[in-house]
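Student: Hey, got a minute to go through a model with me? I'd like to start with burial.

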Amino acid sequence: MIEDLAWSALLLGAIAVLGLLLGGGARREDIRARRRWDQTFDYESRRLSRTDATGVLRCRSCGANGSERAGRCPSCGSVL
Ligand SMILES: [Zn+2]
């Protein structure tokens, strides 16, 4: 009778440890996935803000907006 109880306790303990290990592993995976998503988001936002900051320049001669990649104003053709 006492042995049965001991075995039951041991079994419960084993199940608890197993559950803890599995739960911890899943949580670690979750954190890793979230961190990967954060990196992607960070990269996206940085890329977008960089495009916003340097993609369009205002012409100093006529005030029109031209893309930095073209390097020249679309209206008057002066160097941006
Ligand atoms: Zn211009």
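Student: So what share of the residues count as buried?

Tutor: Of the protein's 80 residues, 2% count as buried. Buried means 20 or more other C-beta atoms within 10 Å of the residue's own, exposed means 12 or fewer, and partly exposed is in between, with C-beta atoms placed from the backbone. Keep in mind that this is a predicted model, where local features need pLDDT of at least 70, side-chain atom pairs count only at pLDDT 80 or more, and totals for chains, interfaces and linings use all residues. Residues are numbered from 1 along each chain as its sequence is written.

Student: Ok, and which elements are there, in what order?

Tutor: They run α-β-β from the N terminus on, so to speak one helix and two strands. Those are DSSP runs numbered from the N terminus: helices are H or I with at least four residues, strands are E with at least two.

Student: Why is it more spread out than a compact globule?

Tutor: Because the radius of gyration is 31 Å, well over the 12 Å that the globule rule gives for 80 residues. The radius is taken over C-alpha atoms, and the rule is 2.2 Å times the number of residues to the power 0.38. Along the principal axes, the C-alpha atoms fill a box of roughly 95 × 15 × 10 Å.

Student: Let's try the helix. Where is L5, and is it buried or exposed?

Tutor: L5 lies in helix α1, and it counts as exposed because it has 9 C-beta neighbours inside 10 Å. Its C-alpha is 37 Å from that of D30, 25 residues away in sequence.

Student: And G23?

Tutor: G23 is in helix α1 too, which covers residues 2-54. With 10 C-beta neighbours inside 10 Å, G23 is exposed. From G23 to R35, twelve residues apart in sequence, the C-alpha distance is 18 Å.

Student: Switching topic: where does A64 sit, and what is it in contact with?

Tutor: A64 is in the loop between β1 (56-58) and β2 (65-67). Beyond its neighbours within four places in sequence, A64 is in contact with C59, C73, P74 and S75; contact means C-beta atoms, placed from the backbone, within 7 Å. The C-alpha atoms of A64 and S75 are 6.8 Å apart.

Terms used
Two residues are in contact if their C-beta atoms, placed from the backbone, lie within 7 Å.
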